[in-house]
Amino acid sequence: MNKTIFITGATSGFGEACARKFAAAGARLILTGRRKDRLDALKHELESLSGAPERVFTLNFDVQDRTAVFAAVASLPSEWQKIDILINNAGLALGRDYFDEASLEDWETMIDTNVKGLLYVSRAVLPLLIPSGDGHIINLGSVAGKEVYEKGNVYCGSKFAVDAISRSMRIDMLRHGIKVTAIHPGAAETEFSKVRFKGDEGQAKKIYEGYTPLSAEDVADAIFYCASLPPHVCINDLVITCKAQADAIYFYKG
Ligand code: NDP
Ligand code: 8X3
């Protein structure tokens, strides 16, 4: 794949799996996240595996920080200033609490990361995506952006926003020839639940008990498929769950 892919949240889960998948196909990668040690290790690994130095460029910033987002993208060297695909993946859930008991700080972090962060990165990257006339934006929504569930309140709200923003972006990007795909996964075993339950491994593990959840690689495969279609074909909206999950609420746990 002779393309440059900009991936947010490449230090773990779907973003990291996408980095491996696209790297294996020969793409050039701009990998971003807050944990610099992980970005450096991944760059080293992918460049050694491919035998192609300068295949990966890393940017270390917090998507919540508008100034940092624009400064990071502006710092890209000229040879990295043409981007073909933006994968807006960085995101998180924090807490799973009743609306009247949830932490306001958690709510703010989810909105600032999942909604405002996605907007900042998209606006910062678009000037580098538009000139190709053939760009692609892939946003990570969730089944939580399709149905709400108990104690999902603001996480669900943030992913409903990603769904609406993706649909709206798709219309506004028509004139630039940019595809917009929203991917809505169900339960996938990554660091997501560990982050949601603030490091409580036991609570995180319980989420995936009694069934086989999606893996990060399953989701990366679907994203790669969407990104590999002919130029005139766009998957607009893709909901992907494991076999044991019907939607955001119904599971069959054996
Ligand atoms: P992980 O926790 O494994 O990875 C999340 C990634 O997001 C990390 O690389 C993290 O990097 C990055 N990130 C989080 N906050 C910030 C921030 N403020 N600034 C920059 N980067 C940030 O989770 P997943 O891979 O599972 O999740 C990826 C996306 O998929 C999220 O948007 C999530 O909501 C969504 N999703 C996940 C599902 C699941 O069940 N796993 C299902 C449906 C959707 P770092 O901490 O280094 O900054
Ligand atoms: C993550 C999936 O079901 O925990 O978006 O909300 S869920």
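Begin with the charges of the whole protein chain: if you colour its 29 positive and 32 negative charges, the mean positions of the two sets turn out to be 4 Å apart. Keep in mind throughout this tour that the model is a predicted one.

**The whole chain**

With everything still in view, switch to a cartoon display, in which the protein chain shows eight helices and seven strands. Turn the C-alpha trace along its principal axes, and you will find that it spans about 50 × 40 × 35 Å. The radius of gyration of the protein chain is 18 Å, which agrees with the value near 18 Å that a compact globule of 254 residues would have. Now display the surface, of which the protein chain exposes about 12000 Å², with carbon and sulfur atoms supplying 54% of it. Of the 254 residues, 50% count as buried. If you look at contacts between residues at least 6 apart in sequence, 72% of them join residues at least 24 apart.

**Two residues with positive phi**

Select Glu54 next, in the loop between helix 2 (36–50) and strand 3 (56–60). Although Glu54 is not a glycine, its phi is positive, at about 65 degrees. Is Glu54 buried or exposed? With a relative accessible area of 60%, Glu54 is exposed.

Then move to Lys151, which you will find in the loop that runs between strand 5 (136–140) and helix 5 (153–172). Lys151 is not a glycine either, and it has a positive phi of about 65 degrees. Its relative accessible area is 29%, so Lys151 is partly exposed.

**From Lys151 to Arg96**

Keep Lys151 displayed and add Arg96, since Lys151 is one of the residues in contact with Arg96. Arg96 belongs to the loop between strand 4 (85–88) and helix 4 (104–129), and at 34% relative accessibility it counts as partly exposed. Which other residues does Arg96 contact, leaving aside its neighbours within four places in sequence? Besides Lys151, they are Tyr149, Glu150, Arg196, Phe197 and Ile207. For a longer view, select Arg28 as well: Arg96 and Arg28 are 68 residues apart in sequence, and their C-alpha atoms are 37 Å apart in space.

**Glu189 and its surroundings**

Go on to Glu189, in the loop between strand 6 (179–185) and helix 6 (192–196). Glu189 has a relative accessible area of 39% and is therefore partly exposed. Not counting residues up to four places away in sequence, Glu189 touches Lys205, Tyr208, Pro213 and Leu214. Measure from its C-alpha to that of Thr212, and you will read 9.1 Å, although the two residues are 23 apart in sequence.

**The cysteines**

Finally, select the cysteines and show their sulfur atoms. A disulfide is a covalent bond between the sulfur atoms of two cysteines. How many disulfides does a search of the whole structure find? The search finds zero. Cys234, for example, is in no disulfide, and the nearest cysteine sulfur, which belongs to Cys226, is 8.0 Å away. Cys234 is partly exposed, because its relative accessibility of 29% falls between the limits of 20% for buried and 50% for exposed.

End at Cys242, which is buried, with a relative accessible area of 6%. Why does its sulfur form no bond with that of Cys156? The sulfur of Cys156 is the closest cysteine sulfur, but it is 17 Å from that of Cys242, which is too far for a bond.

Methods
Residues are numbered from 1 along each chain as its sequence is written. Chains are lettered from A and ligands numbered from 1 in the order in which they are written. This is a predicted model: local features need pLDDT of at least 70, side-chain atom pairs count only at pLDDT 80 or more; totals for chains, interfaces and linings use all residues. Side-chain values use heavy atoms; hydrogens and water are left out. A disulfide is a pair of cysteine sulfur atoms within 2.5 Å. Buried means under 20% relative accessible area, exposed over 50%, partly exposed in between (1.4 Å probe, protein chains only). Helices (H or I, at least four residues) and strands (E, at least two) are DSSP runs, numbered from the N terminus. The radius of gyration is taken over C-alpha atoms; the globule rule is 2.2 Å times the number of residues to the power 0.38. Contact means heavy atoms within 4.5 Å. Accessible areas come from the Shrake-Rupley method with a 1.4 Å probe; for residues, only the protein chains shown count as cover. Lys and Arg count as positive and Asp and Glu as negative; His and the chain ends are not counted. The place of a charge is taken as NZ of Lys, CZ of Arg, CG of Asp or CD of Glu.
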